[in-house]
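Trainee: I should like to go through a structure that is new to me. Could we begin with the model itself and then discuss its side chains?

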Amino acid sequence: MKSVLKPSQPMSRAQIRVRAEELLRDGAASTGREGALGVDALELLYRRASEPEFAADALKLLHELQTHQVELDLLIEQLQSNEDELTHELAYYRALYELAPVAYLVITRDGRVVESNAAASALLGFASAHSGELSEDEEEEQRVTRYLSPSSQAAVTTMIQGLDVPGSAASCLAQLADSPDSQLAIKASLSSSGDSILMAVWQDAGADVAAS
């Protein structure tokens with residue numbers, strides 16, 4: 001299934017140069033940054049352009065500088081457009097993350113929860129957290145194993161310790177400490193940076209979870 005978000009394709013440097021030349025040729029270029037080249041430099045170029053012996057070189061250089069300035073403005077517009085698209089995309093996936101029916105968590109290698117969605121809060125019993133919002137003391141209080149039965153704590157700890165290669169994944173079954181008859185399925189994967197673990201937890205109807 002293709003993503004509903006379709007970011008625009010950025011122009012290459014060659015395409016930007018062609019576009020800048022077109023804008024200058026058509027008289028449509030407006031940088032909005034008058035004097036960006038420096039007043040003294042522009043005055044010198046215009047003065048040189050009025051002198052026959054320097055006119056050709058000065059006009060050529062002036063045109064090149066104007067072209068570079070328009071290129072920079074086009075690049076700035078492109079970067080702003082990319083930033084807007086990324087901001088929209090981040091908000092889109094953040095909403096999906098927060099509203100997902102499955103508990104999603106980001107934990108450290110030693111099992112401290114640093115980020116979780118609303119489903120995780122409801123299932124495991126702690127306050128949902130966004131990255132960077134928890135103090136170190138609060139993170140200590142929200143270890144992923146804290147709300148599991150003793151045997152499940154050992155199983156999850158062993159699973160986490162076995163994730164030693166970025167991208168590696170594993171899974172196990174667990175029970176909540178205050179509801180041992182409720183079986184949870186847990187899948188975890190070590191992030192590409194290797195410093196955090198992405199985890200999904202949901203109530204399992206009784207089917208075995210195949211270890212990855």
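**Tyrosines, salt bridges and overall layout**

Mentor: Let us start with one residue: Y97 has a relative accessibility of 17% and therefore counts as buried. Please bear in mind that this is a predicted model.

Trainee: Which residue does Y97 form an aromatic pair with?

Mentor: Before that pair, note that the structure holds two aromatic pairs. In one of them, the ring centres of Y92 and Y93 are 5.0 Å apart and the planes stand at 85°, so this pair is edge-to-face. The other partner you asked about is Y104: Y97 and Y104 are stacked, with 6.1 Å centre to centre and 15° between the planes.

Trainee: Is Y104 buried or exposed, or something in between?

Mentor: Y104 is partly exposed, at a relative accessible area of 31%. Its partner Y97 is buried, since its 17% falls under the 20% cut-off.

Trainee: And what are the relative accessible areas of Y92 and Y93?

Mentor: Y92 has a relative accessible area of 29%, which makes it partly exposed. Y93 is partly exposed as well, with a value of 39%.

Trainee: Changing topic: how many salt bridges does a search of the whole structure find?

Mentor: The search finds four salt bridges. As a general point, side chains of opposite charge can pair when their charged atoms come close.

Trainee: Which residues form a salt bridge with R94?

Mentor: One is E98, where the closest N and O atoms are 3.3 Å apart. Another is E115, whose side chain meets that of R94 at 2.8 Å, N to O.

Trainee: Where do R94 and E115 lie?

Mentor: R94 belongs to helix α3 and E115 to strand β2 (residues 113–116), so the pair ties together parts that are 21 residues apart in sequence.

Trainee: And where do R94 and E98 lie?

Mentor: Both are in helix α3 (residues 52–99), four residues apart, which is about one turn of the helix. R94, E98 and E115 are thus linked in a network of salt bridges.

Trainee: How accessible are R94 and E115?

Mentor: R94 is partly exposed, at 32% relative accessibility, whereas E115 is buried, with a relative accessible area of 11%.

Trainee: Which residue forms a salt bridge with R112?

Mentor: That residue is D110, and the closest N and O atoms of the pair are 3.3 Å apart. R112 counts as buried at 16% relative accessibility, while D110 counts as partly exposed at 42%.

Trainee: Let us step back to the whole chain. How many helices and strands does it have?

Mentor: The chain has six helices and five strands. Reading from the N terminus, the order is α-α-α-β-β-α-α-α-β-β-β.

Trainee: What percentage of the residues in the chain is buried?

Mentor: Of the 212 residues in the chain, 33% are buried. The accessible surface of the chain comes to about 13200 Å², and carbon and sulfur atoms account for 55% of that surface.

Trainee: One last point: what percentage of the contacts between residues at least 6 apart in sequence joins residues at least 24 apart?

Mentor: For the chain, that share is 49%.

Terms used:
Residues numbered from 1 in each chain as written. Predicted model: local features only at pLDDT ≥ 70, side-chain atom pairs only at ≥ 80, totals over all residues. Heavy atoms only, no water. Helix = DSSP H or I, 4+ residues; strand = E, 2+ residues; numbered from the N terminus. Buried < 20%, exposed > 50% of the residue type's maximum accessible area, 1.4 Å probe, protein only. Contact = heavy atoms within 4.5 Å. Areas by Shrake-Rupley, 256 points an atom, 1.4 Å probe, with all protein chains shown as cover. Phe/Tyr/Trp six-rings, centres within 6.5 Å; stacked < 30°, edge-to-face > 60°.
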